[in-house]
Amino acid sequence: VQLQASGGGLVQAGGSLRLSCVASGSIFRINVMAWYRQAPGKQRELVAAITRGDKINYADSVKGRFTISADNAKNTVYLQMNSLKPEDTAVYYCMYNIMVLGGRYIDYWGQGTLVTVSS
């Protein structure tokens with residue numbers, strides 16, 4: 001299974017970006033799609049997650065500004081980021097928890113996409 005993230009870039013504070021992540025390979029079932037981020041010198045943190053049953057969680061720092069959505073038919077997850085702040089600057093990673101053949105659940109990670117928000 002491979003995850004390919006895209007959509008990062010440089011944006012001014014108050015601007016918007018939309019991240020995408022698509023999974024390919026031998027996928028039996030996707031249980032969770034999520035976005036994490038890691039800023040320089042900080043630990044990786046959960047930004048938003050959406051489950052197979054469409055339960056959604058957001059980090060408090062992004063509530064009301066970011067929206068996660070999924071297209072299950074395309075194995076794709078999106079993160080719409082509005083009202084961006086300089087503190088949102090980070091490398092953003094997508095993560096899928098996937099059931100593979102044999103019934104095992106495995107976390108797969110994308111390669112990361114850099115979001116830079118200038119003040």
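**Exercise 1. Describe the link between cysteine 21 and cysteine 94, and state which elements it joins.**

*Solution.*
Step 1. The link of cysteine 21 and cysteine 94 is right-handed, with 55° about the S-S bond. The model in which this link appears is a predicted one.

Step 2. The two cysteines belong to separate strands: cysteine 21 to β3 (residues 17-24) and cysteine 94 to β9 (residues 90-99), so the pair ties together parts that are 73 residues apart in sequence.

Step 3. The sulfur atoms of cysteine 21 and cysteine 94 are 2.0 Å apart, and a pair counts as a disulfide when its sulfur atoms lie within 2.5 Å. In general terms, such a link is a covalent bond between the sulfur atoms of two cysteines.

Step 4. A search of the whole structure gives one disulfide.

Step 5. The surroundings of each partner can now be classified. Buried means a relative accessible area under 20%. Cysteine 21 has 0% and is therefore buried; cysteine 94, also with 0%, is buried.

**Exercise 2. Determine the secondary-structure content of the protein and assess its overall dimensions.**

*Solution.*
Step 1. The protein contains eleven strands and zero helices. Read from the N terminus, the order of elements is β-β-β-β-β-β-β-β-β-β-β.

Step 2. For 119 residues, a compact globule would have a radius of gyration near 14 Å, and the value of 14 Å for the protein agrees with this. Along the principal axes, the C-alpha atoms fill a box of roughly 50 × 25 × 25 Å.

Step 3. Of the 119 residues, 41% are buried. Among contacts with a separation of 6 or more, 54% come from residues 24 or more positions apart.

Step 4. The accessible surface amounts to about 6400 Å², and carbon and sulfur atoms hold 47% of it. The side chains include 12 positive and 7 negative ones, and the centres of these two sets are 4 Å apart.

**Exercise 3. For asparagine 31 and alanine 90, give the strand, the degree of burial and the contacts beyond four places in sequence.**

*Solution.*
Step 1. Asparagine 31 is placed in strand β4 (residues 29-38). Its relative accessible area is 16%, so asparagine 31 is buried.

Step 2. Beyond its neighbours within four places in sequence, asparagine 31 touches Ile50, Thr51, Arg52, Asn97, Met99 and Tyr105.

Step 3. Alanine 90 is part of strand β9. With a relative accessible area of 2%, alanine 90 is buried.

Step 4. Setting aside neighbours within four places, the contacts of alanine 90 are Arg37, Gln38, Ala39, Thr113, Leu114 and Val115. One of these partners, glutamine 38, is 52 residues from alanine 90 in sequence, yet their C-alpha atoms are 5.2 Å apart.

**Exercise 4. Examine the phi values of aspartate 54 and serine 83, then locate both residues and classify their accessibility.**

*Solution.*
Step 1. Most residues other than glycine have a negative phi. Aspartate 54, which is not a glycine, has a positive phi of about 70°. Serine 83 likewise has a positive phi, near 50°.

Step 2. Aspartate 54 is situated in the loop between β5 (45-51) and β6 (56-58). Serine 83 occupies the loop between β8 (76-81) and β9.

Step 3. Exposed means over 50% relative accessible area, and partly exposed lies between the buried and exposed limits. Aspartate 54, at 52%, is therefore exposed, whereas serine 83, at 41%, is partly exposed.

Conventions. Residues numbered from 1 in each chain as written. Predicted model: local features only at pLDDT ≥ 70, side-chain atom pairs only at ≥ 80, totals over all residues. Heavy atoms only, no water. Rg over C-alpha atoms; globule rule 2.2 N^0.38 Å. Buried < 20%, exposed > 50% of the residue type's maximum accessible area, 1.4 Å probe, protein only. Contact = heavy atoms within 4.5 Å. Areas by Shrake-Rupley, 256 points an atom, 1.4 Å probe, with all protein chains shown as cover. Lys, Arg positive; Asp, Glu negative; His and termini not counted. Charge placed at Lys NZ, Arg CZ, Asp CG, Glu CD.
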